[in-house]
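Student: I would like a close look at one part of this protein, the aromatic rings and what they sit in. Please take it step by step and then place it in the rest of the fold.

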Amino acid sequence: MAGTRTTATSGRRAVRSSGTKAARTIDDLLADFGTTMPRRAAPAAEPPADRLFPKAVKARGTRKVGLGWAATLPPLAGYQMTSEQTPVLWPLISGDGLPPWGAEMGYDVLSGGKFYCDPMGWVLDDTIPVTNPNIFIFGKPGRGKSAMVKAFMLRMIRYGYRSLVLGDVKDEYEDIARFLRVEPFRIGPGLPGRINPLDFGPLGLDWQTQTREEQHRRATVTFNRWLFLIRGLVGSQGVAFTPTEERVINKVLRHLTGWTAGSSRLAPVTIPKVWAALDAPSGELVADCRYSSRQDFFDGTRQLRDALGALCEGSLQGMFDTESTFHPDWREPIQTLSLRSLHDTGNNVAVGIALMCLNSWGQGMREVAAAGDRRIVLRDEAWLQTRLSLEAVMALDANLRLSRTEGDIQVVTYHKPSDPLSAGDQGSQAAQIAKDLLNLSDVRILMGQDEAVAAELGALLGLSDLQQGVVTGWAMQEKGRALWMVGDQRYKVQTLLTPLEKRLTWTNDAIDVA
């Protein structure tokens with residue numbers, strides 16, 4: 001009937017005045033299942049801009065539990081600042097991480113993100129404060145130093161990098177070499193392996209086909225490398241290497257190779273040949289060295305001859321005195337030269353001299369590396385070399401300075417930052433140059449250290465008290481933890497190893513009794 005009112009009773013649907021049924025709402029549907037739709041509370045009204053305290057409060061406050069005399073909280077102060085100013089007020093908030101390319105080493109503890117390492121890529125990126133790809137690693141034994149290096153080598157293979165271990169003192173890299181199907185090369189007393197540190201290397205290839213200008217360039221590079229090595233070898237025996245000795249050695253090398261006579265093909269040279277030429281000099285050599293007689297030559301070069309003779313007849317006899325028997329295949333992912341047999345004799349001086357010879361040989365092998373031939377060159381236990389003499393420190397210094405030019409990533413390992421300073425007496429030239437070695441690397445990895453080296457870390461590397469605490473506290477609690485110094489940026493990094501890498505990096509066989 002027209003004109004009827006709409007009524008709503010429990011259990012019956014509403015009927016409009018026209019007689020048609022009303023549409024059901026969501027609330028009706030939910031009510032059928034015994035529930036209701038939650039409603040969002042209406043937002044509180046904003047106080048007027050000119051009234052920060054809209055509610056008046058009596059002088060005695062409001063008599064209610066929890067209110068007291070401050071019934072209304074004061075407004076919070078707001079600040080505006082740049083991203084450079086923010087770390088001053090919130091120093092523990094992590095900033096932007098490094099770009100996600102290169103070897104994935106683990107994770108950044110502060111940011112929680114992955115941490116990647118690519119020193120050569122950092123050099124090419126102007127936004128990262130790194131100017132050279134060298135890496136210095138410091139860590140107490142047992143903190144995971146070698147495991148980190150091995151993981152870095154393995155993970156950089158996919159980016160085209162191959163590794164060269166110049167002196168595996170403790171055979172820590174043999175397992176990884178054999179895993180990559182490369183047999184390590186062994187050098188030591190009684191072993192057949194030989195390395196000639198005075199090898200021409202690639203610069204001696206196709207010598208006859210080169211122009212005279214190119215031959216002069218190659219000869220200059222080769223003779224300078226040899227001179228650096230012999231300077232270091234002689235200095236390791238406590239013999240001063242003056243300009244007189246330098247002139248004599250230069251003349252001897254040029255006579256032995258045939259360069260002085262203008263030979264079209266240079267003859268190979270070894271350290272015993274240099275010693276023999278000094279012990280039995282030709283009349284031409286005596287005259288070129290500006291000595292009045294053979295006896296005068298003998299008197300003036302006695303200490304030089306004795307120093308080289310000690311290397312040929314001493315603990316290094318049979319290792320560096322003949323032509324090289326090691327001819328590496330540079331297409332392999334890794335090449336490692338073992339010095340374990342020599343290290344087991346306990347003669348650290350001999351090991352340091354051997355490392356110096358291998359470094360010189362390795363530099364010669366890389367002097368004409370093709371573009372794109374990327375190499376990670378590991379110089380393990382470098383303190384054994386830098387302790388020898390000023391000349392030995394200078395030789396390592398020269399190798400590190402060439403890393404950017406040669407395109408190699410030089411990795412140098414030490415136990416603690418003071419190891420380079422053991423090169424000589426405090427304040428000496430050797431100690432100063434060794435200290436400056438730290439400035440040849442923009443990437444420094446500080447693994448766990450004892451509290452005794454905390455002040456030393458701060459003085460040498462400019463660490464704050466908080467950063468020293470990271471190295472001597474947090475990094476000592478678990479293997480693989482380190483403070484990474486990438487230019488002026490700092491990162492707390494936990495290195496992570498895969499199960500396979502853990503097997504390849506295990507170095508505690510000698511003390512594992514399980």
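Student: Taking rings as paired when their centres lie within 6.5 Å, how many aromatic pairs does the count come to?

Tutor: The model is a predicted one. With that cut-off, the count comes to 12 aromatic pairs. A pair of aromatic rings is described by two values, the distance of the centres and the angle of the planes.

Take Phe 115 and Tyr 491 to begin with. Their ring centres are 5.5 Å apart and the planes stand at 55 degrees, so this pair is tilted. Phe 115 belongs to strand β2 and Tyr 491 to strand β11 (residues 489-495), so the pair ties together parts that are 376 residues apart in sequence. Both Phe 115 and Tyr 491 are buried. The pair also has company: ring pairs link Phe 115, Trp 484 and Tyr 491 into a cluster.

Phe 297 and Phe 298 make another pair. The centres of these two rings are 6.3 Å apart and the planes are at 70 degrees, so this pair is edge-to-face. Phe 297 is buried, with a relative accessible area of 0%. Phe 298 has a relative accessible area of 18%, and since buried means under 20%, Phe 298 is buried too.

Now the strands that hold the tilted pair. An open sheet is formed by 11 strands, with mixed pairing, in the order β2-β1-β11-β10-β9-β3-β8-β7-β4-β6-β5. Its edge strands are β2 (114-117) and β5 (185-186), each of which pairs on one side only. Phe 115 therefore lies in an edge strand, since its place is in β2 and β2 is an edge strand.

Elsewhere in the sheet, strand β4 (residues 161-168) and strand β7 (residues 374-379) run parallel and are joined by five bridges. Within that pairing, Val 165 stands opposite Leu 378 in β7.

Another aromatic residue, Tyr 173, is found in the loop between β4 and α5 (174-179). Tyr 173 has 1% relative accessibility, so it counts as buried. Leaving aside residues up to four places away in sequence, Tyr 173 touches Val 165 and Leu 378, and also Ser 146, Val 149, Lys 150, Met 153, Asp 168, Thr 336 and Asp 380. The C-alpha atoms of Tyr 173 and Leu 504 are separated by 8.6 Å, although these residues are 331 apart along the chain.

Helices lie across the sheet. Helix α13 lies across β4, β6 (334-338) and β7, and runs at about 150 degrees to β4. Helix α15 (residues 390-401) lies across β3 (135-138), β7 and β8 (408-414), running at about 140 degrees to β8.

Helix α13 (residues 348-365) also meets helix α6 (residues 212-235): the axes come within 10 Å and cross at roughly 175 degrees. That crossing makes α6 roughly antiparallel to α13. On the α6 side the contact is made by Arg 225, Leu 229, Gly 232 and Leu 233, and on the α13 side by Ile 353, Met 356, Cys 357, Ser 360, Gln 363 and Gly 364. These residues divide into five nonpolar, four polar and one charged.

For the whole protein, the secondary structure comes to 20 helices and 11 strands. Of its 514 residues, 46% count as buried. Among contacts between residues at least 6 apart in sequence, 70% join residues at least 24 apart.

Technical notes: Residues numbered from 1 in each chain as written. Predicted model: local features only at pLDDT ≥ 70, side-chain atom pairs only at ≥ 80, totals over all residues. Heavy atoms only, no water. Axes fitted to C-alpha atoms, helices over the stretch in contact; angles between N-to-C directions. Helix = DSSP H or I, 4+ residues; strand = E, 2+ residues; numbered from the N terminus. Parallel < 35°, antiparallel > 145°, perpendicular 65-115°, else oblique. Contact = heavy atoms within 4.5 Å. Nonpolar A, V, L, I, M, F, W, Y, C, P; charged D, E, K, R; others polar. Pairing = 2+ DSSP bridges. Phe/Tyr/Trp six-rings, centres within 6.5 Å; stacked < 30°, edge-to-face > 60°. Buried < 20%, exposed > 50% of the residue type's maximum accessible area, 1.4 Å probe, protein only.
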